[in-house]
Amino acid sequence: MPTRATKFTLRDNQIPTAWFNVVPSMPNPPSPPLHPGTKQPIGPADLAPLFPMALIEQEVSTAEWIDIPGKVLDVYRMYRPTPLVRAKRLEKALKTPARIYYKYEGGSPAGSHKPNTAIAQAYYNKAEKTKRLSTETGAGQWGSALAMSAAFFGLECKVYMVKASYHQKPGRRVMMETWGAKVVASPSTDTEAGRMILADSPDSPGSLGIAISEAVEDAATREDTKYSLGSVLNHVLLHQTVIGLEAKLQMEKAKDFPDVVIGCVGGGSNFSGLAFPFVPDVTKGGKQIKFVAAEPTACPTLTEGKFEYDFGDTAELTPLVEMYTLGHRFVPPPIHAGGLRYHGDAPALCRLVQDGIIEAVAYPQTKVFESAVQFARAEGIIPAPESAHAVRAAIDEALACKETKESKAILFGLSGHGLLDLQAYEQFLSGDLIDA
Ligand SMILES: *Cc1c(COP(=O)(O)O)cnc(C)c1O
């Protein structure tokens with residue numbers, strides 16, 4: 001008998017032409033953001049110094065679908081649709097009756113899901129005559145996605161990179177510079193916020209909260225500059241729904257539907273992008289899906305944070321948003337999953353966790369790397385340390401199916417590859433990785 005291929009990859013030529021807004025499908029919509037000074041709900045005018053009007057409109061939109069502009073689709077077509085892969089070899093290695101699927105975003109030029117929103121944000125800024133973008137980056141994934149997108153649309157780009165990652169991941173800095181961005185280690189001496197933190201703690205490893213303060217100040221104090229955020233905000237989650245919309249279609253083509261949907265959570269954008277298009281199936285369609293948001297124990301926002309209004313940044317420049325938070329002064333230990341070190345999470349995601357639609361789990365990094373290596377040996381792809389949190393949760397779900405002899409369909413987001421994180425793998429393989 002001829003040997004048959006046991007692994008299949010679905011590639012659909014179609015990509016979504018509209019983004020999906022989850023708000024109309026939520027039992028309770030997120031509470032409005034509040035002005036940092038007056039503590040009153042903010043209006044579009046408060047955000048105008050930081051964002052182009054098109055993105056502000058998307059931020060507060062209650063429409064269910066928002067058209068994707070043609071020029072954004074043209075760039076999406078460079079790497080979308082992304083593959084949905086049945087992880088047959090992993091299933092076999094685990095001896096699980098579960099069907100495991102992963103949606104792989106690591107094939108974008110920047111190596112993660114982040115270009116899905118970076119491209120859209122660069123496009124809308126260009127359309128409204130912005131000359132320069134400022135942003136923060138943790139591990140460098142967001143900075144590199146925005147640097148690339150800024151280059152596509154002819155914008156300058158200044159990146160405040162969390163100091164711990166700036167030194168841990170020089171490769172990402174070089175990527176950003178190759179695409180034409182200017183990169184400084186944060187806290188930096190380029191802003192008032194940075195100088196204040198350095199005066200207080202000259203050895204600060206930085207944090208996303210600090211870097212956001214710097215990037216926001218940069219944009220707020222310059223006429224030619226707007227600010228870009230890579231996660232947390234509604235418009236970012238909206239742009240990321242191309243992941244879940246494609247996955248839904250691809251699952252349908254595979255004649256399957258997920259019982260479990262899993263993603264890793266830093267600010268919540270890749271998880272929400274995958275999960276939100278499935279939310280109406282639960283809240284309106286009567287289906288049962290277990291949604292699992294996986295985060296690090298070193299930054300346990302959803303599992304141990306408080307659900308309350310908090311600032312998005314350390315220097316209290318951003319609006320107050322209702323979310324799970326560890327407090328805006330929280331500086332997490334420098335774990336390898338730099339992209340998961342944010343003190344808060346997206347308000348829409350937090351609301352759905354609060355309402356019991358989405359569950360959260362937290363893992364220490366040694367457990368995460370154990371699963372990442374197991375996944376790499378079965379499926380080939382070396383996951384980003386962030387994505388490996390989702391891998392861990394998927395493997396745990398599959399092992400639970402083995403106990404209960406249930407054949408569930410498990411869909412998880414593999415948000416990026418780890419080829420620029422090999423130092424972390426080296427530490428794990430040599431037994432030097434510790435749980436912070
Ligand atoms: C940035 C990043 C994350 C975390 O950000 P979210 O907004 O929670 O998605 C996860 N995985 C990868 C590969 C990243 O680059």
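## Ligand site and backbone features

The shell around the ligand draws at least three residues from domain 1 (6–15 + 80–111 + 241–429) and at least three from domain 2 (20–30 + 48–67 + 114–234). The structure is a predicted model.

The ligand has 19 residues around it, and those that come nearest are Lys114, Ser231, Gly266, Asn270 and Ser415. By residue class, the shell divides into 13 polar, four nonpolar and two charged residues. The space that the ligand takes up is the largest cavity.

Three polar contacts of the ligand are set out below.

| Ligand atom | Protein partner | Distance |
|---|---|---|
| oxygen | lysine 114, side-chain N or O atom | 2.6 Å |
| nitrogen | serine 415, side-chain N or O atom | 2.7 Å |
| oxygen | glycine 268, polar backbone atom | 2.8 Å |

Lysine 114 and serine 415 thus appear with side-chain atoms, at 2.6 Å from a ligand oxygen and 2.7 Å from a ligand nitrogen. Glycine 268 takes part through a polar backbone atom, 2.8 Å from a ligand oxygen. On its own the ligand has 380 Å² of accessible area, and the protein covers 97% of that area.

The remaining points concern the backbone. Most peptide bonds are trans, and most residues other than glycine have a negative phi. Against that background, two peptide bonds and one residue are worth locating in the model.

Arginine 80 is joined to proline 81 by a cis peptide bond, with omega near -5°. Proline 81 belongs to the loop between α3 (70–76) and β4 (84–86).

The peptide bond between serine 186 and proline 187 is also cis, and omega there is about 10°. Proline 187 is placed in the loop that runs between β8 (182–186) and α9 (192–200).

Valine 232 is a residue other than glycine with a positive phi, near 70°. Where does valine 232 lie in the chain? Valine 232 is in the loop between β9 (225–227) and α11 (234–253). Ser231, which precedes it in the numbering, is one of the residues that come nearest to the ligand.

Definitions and conventions
This is a predicted model: local features need pLDDT of at least 70, side-chain atom pairs count only at pLDDT 80 or more; totals for chains, interfaces and linings use all residues. Side-chain values use heavy atoms; hydrogens and water are left out. A residue is near a molecule or strand if one of its heavy atoms lies within 4 Å of it. A polar contact is a pair of N or O atoms within 3.5 Å; within protein, one must be able to donate a hydrogen and the other to accept it, and residues adjacent in sequence count only if both atoms are side-chain atoms. Accessible areas come from the Shrake-Rupley method with a 1.4 Å probe; for residues, only the protein chains shown count as cover. On a 1 Å grid over the protein atoms alone, a cavity is a set of points where a 1.4 Å probe fits but cannot get out, and a pocket is an open set with protein on both sides within 12 Å along at least five of seven lines; lining residues have an atom within 4 Å of a point. A molecule sits in a cavity or pocket if more than half of its atoms lie within 2 Å of its grid points. Ala, Val, Leu, Ile, Met, Phe, Trp, Tyr, Cys and Pro count as nonpolar, Asp, Glu, Lys and Arg as charged, and the others, Gly among them, as polar. Domain bounds come from an automatic or database domain assignment. Helices (H or I, at least four residues) and strands (E, at least two) are DSSP runs, numbered from the N terminus.
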